[in-house]
Amino acid sequence: MRLASLNCKRDTLNSYHIRAIIYSGLNHLKISIPLWSFHIVGAVLKGDKMQVLQMRPTEQVCVDQVRLGSLYAQLGEVDAEDVVARTMEELALRISHCDRLFHASNWGELRKNSRSLIAIADQVGLAKLTAVARDVTKSIDQKDHVAVAATLKRLIRIGERSLTAILDMPASSF
């Protein structure tokens, strides 16, 4: 997979978008992403074009506190904390395993692992992680390896942020 072109240009609404063309074998993916979804580390503005030096995608994640609260109410504080801790460990392991399966081109196991992430993330109220894992599964079903690569990278980013969001939550918020 290689990046054929990347530029940032002001659109008619005077907001900037990242435009890229990514090639993987014979397939290509054209994307246009609003600039607000990235953290720009360094950039140079030249007229209506921006030369991006470095950027990092950012995306907000949230924990469904109602879902987590009902888990605590149903199981009690001690058991719920145990379930959440085991779930976080399992999510971290499976996300890491997804990355290894992708690099090994093991599409069947990657699909199976992604589908299991859907149920696990949903159990503790990680809706965005659930949705992205579903997107990875759909990309695999469509045999679109460029989309699999993109959605898997997003899954890893969202997964890391989701795990951090749960760790940073005060226990009293459930």
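These legends accompany close-up views of a predicted model.

**View 1. The largest nonpolar core and the helices around it.** This core holds 36 residues. If you are looking for the residues with the most contacts inside it, start with Leu68, Val84, Leu91, Leu126, Leu129 and Leu155. The elements giving two or more residues to the core are α1 (65-75), α2 (77-103), α3 (107-123), α4 (127-141) and α5 (145-168).

**View 2. Leu126 and the residues it touches.** Leu126 is among the core residues with the most contacts inside the core. Leaving aside residues up to four places away in sequence, Leu126 touches Cys62, Val63, Leu91, Ala121, Ser162 and Ile166. One of these, Leu91, also belongs to the group with the most contacts inside the core.

**View 3. Cys62 and Cys98.** Cys62, a neighbour that Leu126 touches, counts as exposed because its relative accessibility is 56%. Cys98, by contrast, has a relative accessible area of 0% and is therefore buried. As for disulfides, a search of the whole structure finds zero.

**View 4. The aromatic pair of Phe102 and Trp107.** The count of aromatic pairs comes to one. Here Phe102 and Trp107 meet edge-to-face, with 5.7 Å from centre to centre and 70° between the planes. The angle is over 60 degrees, so the pair counts as edge-to-face. Phe102 has a relative accessibility of 18%, so this ring's residue counts as buried. Trp107, at a relative accessible area of 25%, is partly exposed, because values from 20% to 50% fall in between buried and exposed.

Methods:
Residues numbered from 1 in each chain as written. Predicted model: local features only at pLDDT ≥ 70, side-chain atom pairs only at ≥ 80, totals over all residues. Heavy atoms only, no water. Core = buried A, V, L, I, M, F, W, Y, C linked by side-chain atoms within 4.5 Å. Buried < 20%, exposed > 50% of the residue type's maximum accessible area, 1.4 Å probe, protein only. Helix = DSSP H or I, 4+ residues; strand = E, 2+ residues; numbered from the N terminus. Contact = heavy atoms within 4.5 Å. Disulfide = S-S within 2.5 Å. Phe/Tyr/Trp six-rings, centres within 6.5 Å; stacked < 30°, edge-to-face > 60°.
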